[in-house]
Amino acid sequence: YASRVLDHVGLSPDELIAYHDLSGKRKPSPYGYERCCNGREARLGAAVGDERADLLAADYFGCAAIFAGWARNPALTVEECRQAGWFVAAHPNNLIEMFDLNNDIS
């Protein structure tokens, strides 16, 4: 399913780790992010999630955490995210705007 969605929006990630790839290690464990990054430096990346556990896993892994705030019933408020030090994207297009040409989160 994730591959079809990514293809539909024109994205082709280097790695795709889905729920069935996690060997039972559920978030907030950073295991999925560790597998996905495959040795790359966590501090250079970002994880986008729609639940607190997703963003906690990003914190534990050491990458930037971005809340996907475009859900119909968001699990978190903008204020909760800001208090935790997480970025908020109100729309998927905001993700592109959050990165500069050097691929650093802004």
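**Reasoning about the largest pocket and strand β2**

Modeller: In this predicted model, the lining of the largest pocket draws at least two residues from each of α1 (2-8), α2 (31-37), β1 (46-49), α3 (52-61), β2 (64-68) and α5 (92-97).

Colleague: How many residues line the largest pocket, and which lie nearest its centre?

Modeller: The lining comprises 49 residues, with Leu6, Pro13, Ala46, Ala47 and Val48 nearest the centre. The space in this pocket is about 2,300 Å³.

Colleague: What is the division of the lining of the largest pocket into nonpolar, polar and charged residues?

Modeller: The lining holds 30 nonpolar residues, eight polar ones and eleven charged ones.

Colleague: Why is Ile66 called buried?

Modeller: Buried requires a relative accessible area under 20%. Ile66 has 0%, so Ile66 counts as buried. Ile66 belongs to strand β2.

Colleague: What makes β2 mostly covered?

Modeller: Five of the five residues of β2 are buried. Ala64, Ile66 and Ala68 point one way from the strand, Ala65 and Phe67 point the other way, and all are buried.

Colleague: How do you know that β1 and β2 pair?

Modeller: Pairing calls for at least two bridges between the strands. Four bridges join β1 to β2, and the two strands run parallel; the criterion is therefore met. Within this pairing, Gly49 stands opposite Phe67 of β2. The connection from β1 to β2 passes through α3, and this β-α-β crossover is right-handed.

Colleague: What makes β2 and β3 a pair as well?

Modeller: Against the requirement of at least two bridges, β2 and strand β3 (residues 87-89) have three, in the parallel sense. The criterion is thus satisfied. Val88 in β3 is the bridge partner of Phe67. With helix α4 (residues 78-84), β2 and β3 form a right-handed β-α-β unit.

Colleague: Why is Asp54 called buried?

Modeller: The relative accessibility of Asp54 is 9%, and the cut-off for buried is under 20%; Asp54 therefore counts as buried. Asp54 is located in helix α3.

Colleague: What makes the approach of Asp54 to Asp50 a polar contact?

Modeller: A polar atom of the Asp54 side chain lies 3.0 Å from the backbone nitrogen of Asp50. The limit for such a contact is within 3.5 Å, and the distance of 3.0 Å falls inside that limit.

Colleague: How far apart are Ile66 and Ser29, in sequence and in space?

Modeller: Ile66 and Ser29 are separated by 37 residues in sequence and by 17 Å in space, C-alpha to C-alpha.

Note on methods. Residues numbered from 1 in each chain as written. Predicted model: local features only at pLDDT ≥ 70, side-chain atom pairs only at ≥ 80, totals over all residues. Heavy atoms only, no water. 1 Å grid on protein atoms, 1.4 Å probe; cavity = no way out; pocket = protein on both sides within 12 Å on 5 of 7 lines; lining within 4 Å. Points joined across faces, edges and corners; volume = space filled by probe spheres on them. Nonpolar A, V, L, I, M, F, W, Y, C, P; charged D, E, K, R; others polar. Buried < 20%, exposed > 50% of the residue type's maximum accessible area, 1.4 Å probe, protein only. Right-handed = clockwise from strand over helix to strand, strands pointing away. Polar contact = N/O pair within 3.5 Å; in protein donor to acceptor, adjacent residues only side chain to side chain.
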